[in-house]
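The exercises below are to be worked with the sequence and the coordinates at hand. Each task is followed by a solution in steps.

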Amino acid sequence: MLSEILNFNREFVAQESYIPYQTTKYPDRKLAILTCMDTRLTHLLPAAMGLKNGEVKMIKNAGGVVLAPYGGVVRSLLVAVLELGVEEILVIGHTDCGVCGMRPEVMREHLLARGISPETLEAIDREGVVDLDAWFTGFAGEEQAVRDSVAMLRSHPLMPKDVAIHGLIIDSNTGELRPLDLQTEK
Ligand code: ZN
């Protein structure tokens with residue numbers, strides 16, 4: 001799989017296929033998007049929103065959610081706002097998200113089946129490294145997950161109040177955007 005990619009890459013560079021993508025690290029639209037890593041959205045989401053390379057900071061994880069107030073997502077968004085000129089943040093959930101309904105007991109079974117020992121899981125549980133059951137629990141619904149992430153970002157003590165934070169849902173098949181929670185212009 002990787003050798004195929006590396007072969008393609010040599011050609012890509014040799015043919016100067018990168019030229020249409022050249023831009024700067026500053027997002028031209030002053031926009032950051034937090035969304036899901038779902039493969040259906042990789043090209044569909046920017047295409048459906050008319051976004052080109054260089055226009056937006058894209059942050060992705062499973063579910064497109066802010067899990068922790070001082071985790072990687074908030075850190076990335078703060079870098080985007082403070083260093084890279086982002087003025088607006090869109091949290092975009094999507095229909096049929098795999099994280100919806102994710103269950104910790106199933107994740108534990110997957111781990112055991114993949115060779116992680118029961119002792120390792122017990123040690124993590126016992127030592128309180130992380131609450132695995134909470135960590136592996138999916139959200140009950142896409143809409144509520146977006147609303148929760150938007151609320152956490154808006155109330156975050158380090159988020160400047162002039163940053164507009166909106167919540168939307170995108171249809172994973174058609175790319176149709178549905179506004180959920182739009183911050184009114186200030
Ligand atoms: Zn998803």
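Is Asp96 buried or exposed, and what is its relative accessible area? Asp96 is exposed, because its relative accessible area is 56%. The classes are buried (under 20% relative accessible area), exposed (over 50%) and partly exposed in between, with a 1.4 Å probe and protein chains only.

Conventions: this is a predicted model, in which local features need pLDDT of at least 70 and side-chain atom pairs count only at pLDDT 80 or more, while totals for chains, interfaces and linings use all residues. Residues are numbered from 1 along each chain as its sequence is written, and side-chain values use heavy atoms, with hydrogens and water left out.

**Exercise 1. Describe the salt bridges of Arg40.**

Step 1. Apply the criterion: a side-chain nitrogen of Lys or Arg within 4 Å of a carboxyl oxygen of Asp or Glu. Over the whole structure the search returns 10 salt bridges.

Step 2. List the partners. Arg40 is paired with Asp38, with 2.8 Å between the closest N and O atoms. Arg40 also meets Asp96 in a salt bridge, at 3.0 Å from N to O. This second pair links distant parts of the chain, 56 residues apart: Asp96 is in the loop between S3 and helix H4 (104-113), and Arg40 is in the loop between S1 and H2. Helices (H or I, at least four residues) and strands (E, at least two) are DSSP runs, numbered from the N terminus.

Step 3. Assign the accessibility. Arg40 counts as partly exposed because its relative accessibility is 30%. Asp38 has a relative accessible area of 14% and is therefore buried.

Step 4. Compare with other cases. Arg103 and Glu105 form a salt bridge whose closest N and O atoms are 3.0 Å apart. Arg103 is partly exposed at 46% relative accessibility, and Glu105 is partly exposed at 40%. A network of salt bridges links Arg29, Lys52 and Glu55.

**Exercise 2. Reconstruct the sheet and the helices that lie on it.**

Step 1. Write down the strand order. The open sheet has 5 strands in the order S2-S1-S3-S4-S5, with mixed pairing. Strand S2 (56-61) and strand S5 (177-181) are the edge strands, each pairing on one side only. From one strand to the next, the twist averages 25°. Pairing requires at least two DSSP bridges between two strands.

Step 2. Recall the bonding pattern. Strands of a sheet pair through backbone hydrogen bonds, either parallel or antiparallel.

Step 3. Examine one pair. Strand S4 (residues 164-170) and S5 run antiparallel and are joined by 4 bridges. Ile170 has Leu177 in S5 as its bridge partner. S4 and S5 make a hairpin with 6 residues between them, and Gly175 in the turn has a positive phi of about 80°.

Step 4. Place the helices. Helix H2 (residues 41-49) lies across strand S1 (31-36), S2, strand S3 (88-94), S4 and S5, and runs at about 140° to S1. Helix H3 (residues 72-82) packs on the sheet and touches S1, S2 and S3, its direction making about 180° with that of S2. These angles run from 0 to 180 degrees between N-to-C directions, with axes fitted to C-alpha atoms, for helices over the stretch in contact.

**Exercise 3. Characterise the surroundings of Met159 and Pro104.**

Step 1. Locate Met159: this residue is in the loop between helix H7 (142-154) and S4. Met159 is buried because its relative accessible area is 4%.

Step 2. List its contacts (heavy atoms within 4.5 Å). Not counting residues up to four places away in sequence, Met159 touches Leu77, Leu78, Val81, Ile89, Leu153 and Ile165.

Step 3. Check a separation. Met159 and Phe136 are 23 residues apart in sequence, and their C-alpha atoms are 27 Å apart in space.

Step 4. Turn to Pro104, which lies in helix H4. With a relative accessible area of 12%, Pro104 is buried. Leaving aside neighbours within four places in sequence, Pro104 contacts Leu132, Asp133, Phe136 and Thr137. Asp133 is 29 residues from Pro104 along the chain, with 5.1 Å between their C-alpha atoms.
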